[in-house]
Amino acid sequence: MERPGEFELIARHFAPIAGPGGLGLLDDAGLLRPARGYEIVVTVDALVAGVHFFPDDPPGSIARKALGVNLSDLAAKGAKPEGFVLSLVLPKGWTEAWLADFAAGLAGMATENGCPLIGGDTVSTSGPLTLSITAFGSVPAGRMVTRSGAQPGDFVLVSGTIGDGALGLKVHGPDRPGWVSKLDEAGRVFLADRYLHPQPRLALALALQQHASAAMDISDGLVGDLAKLLKASGIGAEIELDIVPLSRAVRAAIMADPALAELAWTGGDDYEILCTASEMEYPALAAAAESAGLALTAIGRVTTEAGVARYSEQGTARGFVQGSFAHF
C-alpha cells in the first residue's frame, strides 16, 4: 500500500490536535496572541531514539514524554502553556499505524495540559527517530521564575518524589538488574510509568510565579540540577539527604541495593520542581501545593557559599561520584 504524502499525514493525524493559533496547519507558521501585559516563555527539547527513549517504546508514550518534558520546563518558570511546535524526523520503516498512535498520545498530553499544536515539520531520515518540541507559555511581564533569584536563608524545596525516573529506566530497560526482582509488581509498574510518562507540575506554576525566588525542573538529577541553580544564583546550599522525598518503590529498591540511593539522587528523569522560597513566602507556597494535591518538601537551606552544595546523610557529610546525567 502506498504511503500517504506529508500533507495528507498532517491533515489526518496532526491537524485535529491544532489550536486556533495553528491556523488549521495550512499555513507556513503558527500564531500566538499573548494578552496585554504578558510575555512569552520559550523552551525546547530534542529526543533521540536510543538516547532518550528505547526505539521500541510505545509511540504514544514517546509522544507524551516529548511534550511532557517541555511542559515541565514551563511549569518551573511559572508559565501557562499556550502552544507548541513539533519537528518529527521519521526513520525508515515507519508505519501509519505507529504515527496514529504517536498522534493520539500527543493529543492526550496536549489536551490534558491546555497546550495545542500550532505548527511544525515532518521529514524522513536514514538515522534514528528524532523529535524536537518547542513549547510556548505566558507569564505576566517580569514574573518568569528564573534560576538566578535564590537568596541566602531561603528554603530549598522539591515537589513529588525523587529517583523514580532513574530507577524506572532500569526497570523498563531490556537488561534488568537483580534488584528489580525484589520489587512487587505495583512498584515495578509505578517506576516504569514514572520513567515513560513525565508528569509536568503545571498545578504549581502560578504559586511558583507568586512565591518562589528561583526554580527549575529536575531533568538531569537533583544533585546536578541543584548545582546549576546555585551557579545561576551565585549562592550555596546545605541539603539533608535523609529528608529528600522518596517513593515507596524507590525505598524498596534501596533496601534491596543500598547503592541505588546515589542513583536516585543523581540519575535524572524526575521532572519534579526544584525551587527556593524565603521564610516569608514558603508558607503560602506550601499551602498552594497542598491545595493542588502535590507534595512539596523542604530539603535544606540556601547559604552564602557561592556554588557550594554541602550534603549530609545521617549527620555525616556525603559526596557523589557523578553529579548528574550527562548529555555529552
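This is a stop-by-stop tour of a predicted model, with what to select and what is found there.

Residues are numbered from 1 along each chain as its sequence is written, and side-chain values use heavy atoms, with hydrogens and water left out. Because the model is predicted, local features need pLDDT of at least 70 and side-chain atom pairs count only at pLDDT 80 or more, while totals for chains, interfaces and linings use all residues.

**Stop 1: the four-stranded sheet**

Select residues 38-48, 80-91, 117-125 and 130-140. Helices (H or I, at least four residues) and strands (E, at least two) are DSSP runs, numbered from the N terminus. These four strands form an open sheet of mixed pairing, in the order β1-β4-β2-β3. The edge strands, each pairing on one side only, are β1 (38-48) and β3. Averaged over the sheet and with direction ignored, neighbouring strands are turned by 15 degrees against each other. Axes here are lines fitted to C-alpha atoms, for helices over the stretch in contact, and angles run from 0 to 180 degrees between N-to-C directions.

Now keep β2 (residues 80-91) and β4 (residues 130-140) in view. They pair in the antiparallel sense over nine bridges; two strands count as paired if DSSP finds at least two bridges between them. To line them up, select Pro-81, which stands opposite Gly-137 in β4, and then Val-85, which stands opposite Thr-134 in β4.

On to β3 (residues 117-125), which pairs with β2 in the parallel sense over eight bridges. Leu-86 is a marker for this pairing, standing opposite Gly-120 in β3. Strands of a sheet pair through backbone hydrogen bonds, either parallel or antiparallel.

**Stop 2: helix α3**

Add residues 96-112, helix α3. Together β2, α3 and β3 make a right-handed β-α-β unit. Right-handed means that, with the strands pointing away from the viewer, the path from the first strand over the helix to the second runs clockwise. α3 lies across β2 and β4 and runs at about 165 degrees to β2.

**Stop 3: helix α2 and Asn-70**

Select residues 59-76, helix α2. Its 18 residues reach 26 Å from first C-alpha to last, close to the 26 Å expected at 1.5 Å a residue; the expected span is 1.5 Å times one less than the number of residues. The helix packs on the sheet, touching β1, β2 and β4, and its direction makes about 145 degrees with that of β1. Of the 18 residues in α2, 16 are buried, where buried means under 20% relative accessible area, exposed over 50% and partly exposed in between (1.4 Å probe, protein chains only). Gly-78 follows α2 and has a positive phi, near 75 degrees.

Within α2, pick Asn-70. Why is Asn-70 counted as buried? Its relative accessibility is 0%, so it falls in that class. Leaving aside neighbours within four places in sequence, Asn-70 is in contact (heavy atoms within 4.5 Å) with Thr-43, Val-44, Asp-45, Ile-133, Thr-134 and Ala-135.

**Stop 4: helices α4 and α5**

Select residues 164-172, helix α4. Its buried residues are Asp-164, Gly-165, Ala-166, Leu-167, Gly-168 and Val-171. What covers them includes α5 (185-196), α8 (248-256) and α9 (260-266).

In α5, select Leu-196. Leu-196 is buried because its relative accessible area is 12%. Not counting residues up to four places away in sequence, Leu-196 touches Asp-57, Ser-61, Lys-65 and His-172. Measure to Leu-169 as a check: the two are 27 residues apart in sequence and 8.1 Å apart in space, C-alpha to C-alpha.

**Stop 5: strands β6 and β8**

Select residues 214-218 for β6 and residues 272-277 for β8. The two strands run antiparallel and are joined by five bridges. Ile-218 stands opposite Glu-272 in β8. In β6, five of five residues are buried.

**Stop 6: Ser-312**

Go to strand β10 (residues 309-313) and pick Ser-312. Is Ser-312 buried or partly exposed? At 24% relative accessibility, it counts as partly exposed. Its contacts, leaving aside neighbours within four places in sequence, are Ile-239, Glu-240, Leu-241, Asp-242, Ala-317 and Arg-318. Ser-312 and Glu-240 are 72 residues apart in sequence but 5.2 Å apart in space, C-alpha to C-alpha.

**Last stop: cysteines**

Select Cys-115 and then Cys-275: Cys-115 is buried at a relative accessible area of 0%, and Cys-275 is also buried, at 0%. With a disulfide taken as a pair of cysteine sulfur atoms within 2.5 Å, the count comes to zero.
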